[in-house]
Amino acid sequence: MKNSYVEESFESSKPFADTRIILVCNNIDEYDEIVKNIKYNNISYTHLTYTDVMILKNWTNETFYNRDFSRNIMVLNEFGTPKFLQIIKYNCIIQSKFDIIGIPLLKYYLLHWIPMPKFVRPIYTNHLENVNILFNGFKDKKVVSNYVNLIHYMSGQVRTSVSNRITHLISKCAYGYKYHKLVDLGKKIVSEDFIDFLWDKKNESNVNFNEIESQFTLSTFYNSVLMFIGFKNERTAELEKIAIENGADTINSDPFMATHVIIKDSVNNSSIAPSNSHQFVLTEQWFWESVKCRHSVDVINYQYVDKNSSFDMLKLSDNGYMNSSLNRSVHAYSPQNYNRRNSIKQQLADLVSNTNYISLHPLKTPRLSQTMLVNQEGNDQVDNVLKKPSSPFIIKHISSKFMPIKQPSKRYHILLELQNTEGNYVSILDNLLRAKSDLEDKNTDSPKKRNSEPTYHIPIADSRIIFSNLPHIYNLHAQLYSQITESMLKYQDQACISDIILKHIDEMNKIYPTYVRFMDNARQVYKHHEKNNLCFQAHIMTLMNKPEFGRQTIIELLVRPVQRLPSLNLLLKTLFKNTDSNFSDYKKLGPVITKLESVISKINECNRQADKYKQMFELMNQIENCPPILLSACREFIHRCDFIEVSDIILGGSHHGTLFVYSDLLLLTKRKTKPNKSPNRQGLSRNGSACKRYKFVKMIYLNELRVIVDVVDTKECHNVVAIICKKTAASVEKMIAFLLCTKTTHPVEEKRDFLEMLAKTVTNAVSHVDYRQILTGKLIFF
């Protein structure tokens with residue numbers, strides 16, 4: 001009994017057994033290494049020149065085709081030439097008895113020592129092995145035929161229809177049915193230069209396929225001509241710059257030359273219509289959505305519709321198909337065998353799913369969410385309550401038509417305004433939290449996002465800085481809004497609002513100061529991402545165009561918590577004025593308003609402290625060799641003034657300096673008139689370090705000052721001030737005199753104000769009662 005395993009392993013150890021190789025080249029010396037490898041492995045081979053191969057009679061000789069071998073492989077060093085085409089023709093005449101391959105492919109199989117498969121067509125290299133390619137947007141059949149041959153020569157496959165087997169789409173433009181379908185499937189979209197580049201590298205064995213693939217990935221608006229209408233000149237220039245960076249061409253004059261006409265939403269022009277079936281008239285939302293996703297999104301949901309036109313845009317003609325410019329634009333890139341009935345169903349389904357239905361009985365004052373209706377009989381039962389899917393609390397709104405009492409009082413109208421504004425505020429916070437979760441979303445494992453993974457996501461740490469403790473503010477006001485609504489539904493204008501707000505005052509006192517304190521940091525991080533991340537900017541613009549954001553950016557909406565408590569305080573004061581003194585809520589509203597004002601005062605104080613720390617940081621960054629102990633939570637910056645030293649003690653001559661007055665010390669610096677390093681526009685030197693405007697000289701604590709001298713002005717010396725420092729163990733008593741550099745036309749008044757400011761600061765630091773005790777009499781300086 002034969003051992004089949006031994007036979008299989010023996011055959012696999014000799015992959016070129018019963019194979020004859022025919023090397024066709026004019027100079028065999030160029031392939032010395034291949035010949036040595038063939039001889040070393042005892043592979044049968046022969047060498048022929050192109051002159052021998054060009055004679056058809058020779059193909060029947062044993063020097064060409066040897067029947068003793070099961071395979072005769074002809075190896076060429078030229079593909080695509082007239083000689084190559086003649087060889088292919090002769091091989092077809094003799095019924096394709098030869099497998100025709102290229103030199104790089106032979107090297108590959110010899111190097112890896114694996115058996116060659118049966119080749120049904122000539123193959124030069126295996127750069128496109130296991131790659132299935134589809135073409136889109138090509139009109140010249142000769143060009144496509146040439147690319148198909150090159151793909152076949154590189155072991156690739158060409159498909160004619162869209163399927164999941166497609167790995168790459170070679171597209172002439174960034175739109176079309178095939179383009180959008182394969183983008184949704186997560187396939188690679190490349191330009192035709194991808195094939196040309198690989199063919200130029202056909203003789204190289206170590207080719208980084210992924211790097212080449214990313215190099216020729218189709219840009220967002222590849223081969224698209226964009227025109228912007230309705231934007232200001234500066235805005236148009238900015239949009240055109242972004243479009244050009246993403247591979248588009250722009251045009252300003254002739255709209256008929258544009259493939260995509262982008263119109264601002266506020267423009268009303270019913271005469272704007274596609275000039276041909278391949279032109280799209282779109283909204284600005286399409287542009288930013290495409291930039292954000294890094295591929296041109298489908299236009300079906302972003303068609304421009306005139307606001308003055310009626311909702312009869314989609315009309316069915318006599319033959320049963322939609323007769324509209326939208327239909328022409330959508331189906332301009334559809335294949336001929338596309339099922340039109342399914343197309344109509346799909347289009348209607350997309351329109352229905354993306355349509356914001358308007359109530360037949362709208363509110364007099366539109367709100368961001370739906371209204372809550374009450375039974376006609378006048379009872380307090382609620383028919384419909386809107387519950388947001390991601391919100392932990394039930395959000396209810398009272399309609400302006402909800403008048404359970406015949407003659408509502410002013411108090412009731414104020415309560416309605418309080419309830420509505422609180423509901424709008426909660427809706428804004430909810431939208432901001434949705435935007436926060438979207439920016440932090442890292443779930444990009446789906447096939448749809450594999451190819452066009454958006455890069456608008458930001459690190460979670462930066463997201464926490466931007467949004468701070470906004471979730472806590474949302475939870476607080478969602479509870480507050482729910483309780484106010486329930487109280488109004490139950491007690492109408494007799495609702496006691498003070499008790500509800502009093503429950504949340506302490507929590508407001510903890511949450512809001514923290515939020516306000518880090519508002520500047522949030523603004524800086526936000527602007528950094530907006531400036532350096534184009535996809536982030538595009539995502540912000542898409543959010544801004546949504547109706548729930550009201551044409552406002554995230555950073556503009558993040559200011560709302562800063563404004564909410566003052567507006568709430570004003571509403572409570574108005575409610576207090578319109579509340580009867582006999583009502584129980586009247587006595588409680590006063591203390592609630594007082595506590596709320598104390599919270600607002602604390603927020604303002606936190607804001608001032610944040611500005612103070614920011615100013616101190618900026619000063620430290622401007623001073624060279626500044627001691628780190630200057631930055632302290634107990635220290636406050638008071639004043640800054642320029643001076644020229646007269647006493648020659650500190651600066652060592654008549655040099656220009658700057659005096660910084662803090663709450664407990666004086667900081668003397670030397671001003672740099674000619675910095676050694678020339679700064680650039682960002683204030684940085686050539687080596688990237690920040691250019692300092694001042695150089696640290698001395699730091700004098702205010703408790704070391706004995707007296708402040710007002711020097712008498714003379715013809716030779718005027719506007720001079722002196723300070724006398726106490727004698728200590730480390731230094732003797734000394735007087736420092738300097739001339740103030742005034743910036744106004746009243747130097748005498750400015751000098752007097754400076755002396756009083758300095759004396760008051762010293763008295764506060766050393767706990768003196770009267771600052772005049774530090775100011776001495778006049779001194780004539782010689």
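This is a conversation about a sheet and some helices in a predicted model.

Tutor: Local features here need pLDDT of at least 70, side-chain atom pairs count only at pLDDT 80 or more, and totals for chains, interfaces and linings use all residues. Residues are numbered from 1 along each chain as its sequence is written, and side-chain values use heavy atoms, with hydrogens and water left out.

Student: What makes β3 and β4 paired strands?

Tutor: Strands are DSSP runs (E, at least two residues), numbered from the N terminus, as are helices (H or I, at least four). Two strands pair if DSSP finds at least two bridges between them; β3 (residues 71-76) and β4 share five bridges, in the parallel sense, so they meet that definition. Asn 72, for instance, has Phe 98 in β4 as its bridge partner.

Student: Why do β2 and β4 stand at the edges?

Tutor: The open, parallel sheet has the order β2-β1-β3-β4. Because β2 (44-48) and β4 (98-102) each have a single partner strand, one side of each is left without a neighbour in the sheet.

Student: How do you know that the length of helix α24 agrees with what is expected?

Tutor: The expected span is 1.5 Å times one less than the number of residues. For the 20 residues of α24 (residues 747-766) that gives 28 Å, and the end C-alpha atoms are 29 Å apart, which agrees.

Student: Why is Phe 754 in α24 called buried?

Tutor: Buried means under 20% relative accessible area, exposed means over 50%, and partly exposed lies in between (1.4 Å probe, protein chains only). Phe 754 falls in the buried class, and other buried residues of α24 include Leu 755 and Leu 758.
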